[in-house]
Amino acid sequence: MPAEVEKWDDERSRDGQASIGIGIHYVPVVIGDVGSERTTAFAGVGDTVNTASRLQGVTRELGCGIVTSELLTVKARDMASDLSLINAFRPASPRVLRVRSAPVDIWYR
């Protein structure tokens, strides 16, 4: 994913478009169809989605392409057979994200 984000960002910057930022959080999420019979959309809702969105906003603050929560980083380390990609992420100071009371430990690349 980081290589694709960098490639896409390079292409977009040549066209004068904004940078791409990705925020990733790891906890259960509520997803499904929302709306009425006339207008239905597939969506994710709740704290997980909101936190990922706020992490995406931190990419601009840090000038990076991807920001993950500590929860995602820990889970990825537990599951990975090759840690080289995960080790490319660096910790940043915890951030208080809008609509969250406690700071979130984050990693970025």
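Is valine 29 buried, partly exposed or exposed, and what is its relative accessible area? In this predicted model, valine 29 is partly exposed, with a relative accessible area of 40%. The value falls in the partly exposed class because that class lies between the buried limit, under 20%, and the exposed limit, over 50%. Valine 29 sits in the loop between strand 1 (22-24) and strand 2 (30-35).

The overall architecture comes next. The protein chain contains three helices and six strands. Along the sequence, these elements follow the order α-β-β-β-α-β-α-β-β. The pattern thus opens with a helix and ends with two strands. The C-alpha atoms fill a box of roughly 45 × 35 × 30 Å, taken along the principal axes. The protein chain has 109 residues, of which 30% are buried.

Valine 29 also belongs to a surface feature. Together with Ile31, Phe42 and Val49, Val29 forms a nonpolar patch on the surface. The accessible area of these residues together is about 380 Å². Valine 49 brings helix 2 into the patch. With a relative accessibility of 31%, valine 49 counts as partly exposed. Patch residues need over 30% relative accessible area, so valine 49, at 31%, meets that cut-off. Valine 29, at 40%, meets the cut-off as well. Valine 49 can also be placed relative to glycine 23. The two residues are 26 positions apart in sequence. In space, their C-alpha atoms are 9.5 Å apart.

Charged contacts were examined next. The structure holds two salt bridges. One of them pairs aspartate 47 with arginine 100. The closest N and O atoms of this pair are 2.7 Å apart. The pair links distant parts of the chain, 53 residues apart. Aspartate 47 is in helix 2 (residues 47-62), while arginine 100 is in the loop between strand 5 and strand 6. Both partners are partly exposed: aspartate 47 has 41% relative accessibility, and arginine 100 has 26%.

A salt bridge also joins arginine 95 and glutamate 61. Here the closest N and O atoms are 2.7 Å apart. Arginine 95 lies in strand 5 and glutamate 61 in helix 2, so the pair ties together parts that are 34 residues apart in sequence. The two partners fall in opposite classes of accessibility. Arginine 95 counts as buried, at 15% relative accessibility. Glutamate 61 is exposed, with a relative accessible area of 54%. Arginine 95 is classed as buried because its 15% is under the 20% limit. Glutamate 61 is classed as exposed because its 54% is over the 50% limit.

The loop between strand 5 (90-95) and strand 6 (104-108) holds serine 101. Arginine 100 lies in that loop too, as does alanine 102. Serine 101 is exposed, with a relative accessible area of 78%. Alanine 102 is partly exposed, at 41%. Each of these residues can be located against a second position in the chain. Serine 101 and leucine 71 are 30 residues apart in sequence, and their C-alpha atoms are 17 Å apart. Alanine 102 and threonine 73 are separated by 29 residues in sequence and by 18 Å from C-alpha to C-alpha.

Finally, the pockets were considered. The largest pocket encloses about 200 Å³ of space. Its lining consists of Met1, Pro2, Ile24, Ile66, Thr68, Leu72, Thr73, Ala76, Leu85, Ile86 and Phe89. Nine of the lining residues are nonpolar and two are polar. None is charged. Strand 4 (66-69) and helix 3 (70-79) each supply at least two residues of the lining. Helix 3 gives the largest share, three residues. Threonine 73 is one of the lining residues, and is also the residue placed 18 Å from alanine 102, C-alpha to C-alpha.

Notes
Residues numbered from 1 in each chain as written. Predicted model: local features only at pLDDT ≥ 70, side-chain atom pairs only at ≥ 80, totals over all residues. Heavy atoms only, no water. Patch = residues over 30% accessible without salt bridge, like charges linked within 9 Å, V, L, I, M, F, W, Y side chains within 5 Å. Areas by Shrake-Rupley, 256 points an atom, 1.4 Å probe, with all protein chains shown as cover. Salt bridge = Lys/Arg side-chain N within 4 Å of Asp/Glu carboxyl O. Helix = DSSP H or I, 4+ residues; strand = E, 2+ residues; numbered from the N terminus. Buried < 20%, exposed > 50% of the residue type's maximum accessible area, 1.4 Å probe, protein only. 1 Å grid on protein atoms, 1.4 Å probe; cavity = no way out; pocket = protein on both sides within 12 Å on 5 of 7 lines; lining within 4 Å. Points joined across faces, edges and corners; volume = space filled by probe spheres on them. Nonpolar A, V, L, I, M, F, W, Y, C, P; charged D, E, K, R; others polar.
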